[in-house]
Amino acid sequence: IMAIISSYPTITPTSSDLLLIVDTSEDGNPTKTATIGSVAALSNSYSLGYTVYTAQMDAAAGAEPVVVELQNTTGLTFTWTRLTTGQYGATVAGTPFAANKFWGIIGAKILQDVSVLRITDNTVRVDVAVPSTGAAVDGLTAGYIEIRIYS
């Protein structure tokens, strides 16, 4: 008789902890174990077809943006600068932003119209504007950006 699953304690697993799995390629006794580390390695080897850069951005009026990188699987270094009122740019080495291989999205915590644009094969631009008028806003509050580079 098996115990009720909710009666087991909850833990934070380590890479050497074991998971029960069912080997669907085997008849008879398909129940096996795998380490958390081996499942993570398999997960990391699975390709989604793109690499990703995700960051949180803030900028005070007239200031360079403060960027906190949350995830970067691109292998690229994004160098962010203030271009002008309401515009911030990032430059990377090489030419990874091919026109048909780039996707980007950005949102802000407060009511600001924000957009991310591919400018060249190695530069992107973030625009910040007043929603009702479209006028440039000199600053960015809690912007979250994600850029995908497709293979």
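A salt bridge here is a side-chain nitrogen of Lys or Arg within 4 Å of a carboxyl oxygen of Asp or Glu. Keep in mind that this is a predicted model, where local features need pLDDT of at least 70, side-chain atom pairs count only at pLDDT 80 or more, and totals for chains, interfaces and linings use all residues. Residues are numbered from 1 along each chain as its sequence is written, and side-chain values use heavy atoms, leaving out hydrogens and water.

**Exercise 1. Find the salt-bridge partner of Arg148, then check how exposed both residues are.**

Step 1: Look for a carboxyl group by Arg148; the side chain of Glu146 meets it in a salt bridge, 2.8 Å from N to O.
Step 2: Sort by relative accessible area: buried is under 20%, exposed over 50%, partly exposed in between (1.4 Å probe, protein chains only).
Step 3: Arg148 has 22%, so it is partly exposed. Glu146 is partly exposed too, with 22%.
Step 4: Now the wider tally: the rule gives 5 salt bridges. Among them is Asp23 with Lys32, closest N and O atoms 3.2 Å apart.

**Exercise 2. Work out whether Thr123 is buried or exposed, and what surrounds it.**

Step 1: Place Thr123 in strand S9; strands are DSSP runs (E, at least two residues), numbered from the N terminus.
Step 2: Its relative accessible area is 19%, so Thr123 is buried.
Step 3: List contacts (heavy atoms within 4.5 Å). Leaving out residues up to four places away in sequence, Thr123 touches Ala90, Thr91, Phe97, Leu117 and Arg118.
Step 4: Follow Arg118 onward: Arg118 forms a salt bridge with Asp121, closest N and O atoms 2.5 Å apart.

**Exercise 3. Name the residues with the most contacts inside the largest nonpolar core, and trace which strands feed it.**

Step 1: Use the rule: buried Ala, Val, Leu, Ile, Met, Phe, Trp, Tyr and Cys residues joined through side-chain atoms within 4.5 Å.
Step 2: The largest such core has 23 residues, and Phe78, Trp80, Val126, Ile145 and Ile147 have the most contacts inside it.
Step 3: Strands that each supply at least two core residues include S3 (50–59), S9 (123–129) and S10 (140–150).
Step 4: Zoom in on Trp80: not counting residues up to four places away in sequence, its contacts include Tyr53, Met57, Tyr88, Val126 and Ile145.

Key. Helix = DSSP H or I, 4+ residues; strand = E, 2+ residues; numbered from the N terminus.
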